[in-house]
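Let's take a walk through this one together, a stop at a time. Have a look at the sequence and the model first, and then we'll start with a pair of helices.

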Amino acid sequence: MKEKVWLRQRICQVSWGWYASSMSTGGIALLLHQTPHQFTGLQTIGKIFFIFNLVLFLSICTAMVIRFTSDPSSLKASLQDPNESHFLATAILAIATIIMGIASYGTSSCGPWLNVALRVLFWIYAAVSIFFAVIQNWYLYSVKMASRQPFALVRLLPSFPAMLCGTMASIVVSGEPPVQAIPILFGGTTLQGFGFLMSLFIYAEFVYRLNKSGLPKPSERPEMFIAVGPPSFTSIAIIGMASEATTKFPEQYIISAFDAPRANTAVSTADIAVVLATLTAVFMWTMAFFFFCIAALSTLSACNLHGKGEMGISLAWWSMVFPNTGFILAIIKIGQALESNAILWVSSILTILQVAMWLFVGGAHVWGVYTRRLLWPEEIHES
């Protein structure tokens, strides 16, 4: 006789990793807003994704509240679990996509008050993300979490929210006056640099383990796409912030402070920033492309080719959405900076494929919940 499982029991199986579905949905909304080849109704579709993300985020928050109130010890257990503890950052990343969605879809429909609100939200998010990066990383170091979590790339996640500040700054700053925009741009640059540099340390361990131990087990291979995120979002951020600097920076900002005799040069600070940002973004994108290819080949090689079901439906599948959305957004920014119509068309085609990937992963998770592969008590699975 099968044991009956109540709805509340299934809701209590929602973990921090489920926020990955929200941040991935929010990323798709941003991608549709920025894709270069627009058609009538595309912005409406993007707004639908944005609103759906709000509903999804609130639903996950509600489920988490039910889980922790039903069993208060589960909160501490989630922070001590070697897998779930790293995915706490996805909740903050989901909030970041919501803020950027508000900036993308809301500023054209609301008054100046929204720009003020976005400015406040940016600084609150920046403070929370750097505080979280310090505290979460310190905690993971203090309990030697890496000894229980062999997959290195998930250790990127605690620093990922801070890194997204640069991307957020490039979107939020467009409606701000220069006196407010300049601190936001430098704040975004600071935290973007912090997050990217932190990712380099994790990359070193990740590549070392790949060389030493080979590819991770099949169920973990979709998480290899996480490596695509840092260089992609850094490319987006530096080009986006540099392009905004052309209207926010004073003509000879910084240059005049160090080269007073030649302060009347025809080259402005923002012009220099745009050139440097574009060139830097190109070689960072190449790094993202390399990791994308390695992750894609590794994941395809683990697909169910022999009928063994090696890659069951899991939250790791969302790793194929959010980082790759950043990868496509980086292509869009580079194509716009280089004024390459070919690159922009490639990005539009990839946008269609990425939406299809979101539908595939989302549909698989709905099917997984329906067939009791997801959100089902482990002890029932085992019995």
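In which hand of crossing does α6 pass α8? The crossing is left-handed. Keep in mind as you look around that this is a predicted model.

Let's stay with those two helices for a moment. Two packed helices are described by the angle between their axes and the distance between the axes. Here, α6 covers residues 113-142, and it packs against α8 at an angle of about 20°, with 11 Å between the two axes. Angles under 35 degrees count as roughly parallel, so α6 is roughly parallel to α8. If you'd like to find the touching residues, look on the α6 side for Arg119, Phe122, Trp123, Ala126, Ser129, Ile130, Ala133, Asn137 and Tyr141. Facing them from α8 are Gln180, Pro183, Ile184, Gly187, Gly188, Leu191, Phe194 and Met198. Sorted by kind, the residues of this contact come to 11 nonpolar, five polar and one charged.

Now follow the chain on from α8, which spans residues 178-213, into the loop that leads to α9 (229-248). Leu215 sits in that loop. Is Leu215 buried, exposed or partly exposed? Its relative accessibility is 42%, so Leu215 counts as partly exposed. Setting aside the neighbours within four places in sequence, Leu215 is in contact with Leu210, Arg221, Met224 and Ser298. For a sense of scale, try Gln34: it is 181 residues from Leu215 in sequence, and their C-alpha atoms are 35 Å apart.

Next come the aromatic rings. A pair of aromatic rings is described by the distance of the centres and the angle of the planes. This structure holds 20 aromatic pairs. One of them joins Phe49 and Trp358, which meet edge-to-face with 4.8 Å from centre to centre and 65° between the planes. This pair links distant parts of the chain: Phe49 belongs to helix α3 (residues 42-70) and Trp358 to helix α13 (residues 341-370), 309 residues apart. Phe49 has a relative accessible area of 12%, so it is buried. Trp358 is buried too, with a relative accessible area of 12%.

Another ring pair is made by Phe160 and Phe322. Their centres are 6.4 Å apart and their planes are at 55°, so this pair is tilted. Again distant parts of the chain are linked, with Phe160 in helix α7 (residues 160-172) and Phe322 in helix α12 (residues 322-338), 162 residues apart. Both Phe160 and Phe322 are buried. Rings can also join up into a group: ring pairs link Phe225, Trp285, Phe289, Phe292 and Phe327 into a cluster.

Our last stop is the backbone. Most residues other than glycine have a negative phi, and most peptide bonds are trans. Lys144 isn't a glycine, yet it has a positive phi of about 55°. You'll find Lys144 in the loop between α6 and α7. With a relative accessible area of 60%, Lys144 is exposed. Where is Arg372? Look in the loop between α13 and α14 (378-382). Arg372 also has a positive phi without being a glycine, with a value near 70°. Its relative accessibility of 42% makes Arg372 partly exposed.

Key: Residues are numbered from 1 along each chain as its sequence is written. This is a predicted model: local features need pLDDT of at least 70, side-chain atom pairs count only at pLDDT 80 or more; totals for chains, interfaces and linings use all residues. Side-chain values use heavy atoms; hydrogens and water are left out. Helices (H or I, at least four residues) and strands (E, at least two) are DSSP runs, numbered from the N terminus. Buried means under 20% relative accessible area, exposed over 50%, partly exposed in between (1.4 Å probe, protein chains only). Contact means heavy atoms within 4.5 Å. Axes are lines fitted to C-alpha atoms, for helices over the stretch in contact, and angles run from 0 to 180 degrees between N-to-C directions. Angles under 35 degrees count as roughly parallel, over 145 as roughly antiparallel, 65 to 115 as roughly perpendicular and the rest as oblique. A crossing is left-handed if the near helix is turned anticlockwise from the far one by less than a right angle, and right-handed if clockwise. Ala, Val, Leu, Ile, Met, Phe, Trp, Tyr, Cys and Pro count as nonpolar, Asp, Glu, Lys and Arg as charged, and the others, Gly among them, as polar. Rings of Phe, Tyr and Trp (its six-membered ring) pair if their centres lie within 6.5 Å; planes under 30 degrees apart count as stacked, over 60 as edge-to-face and the rest as tilted.
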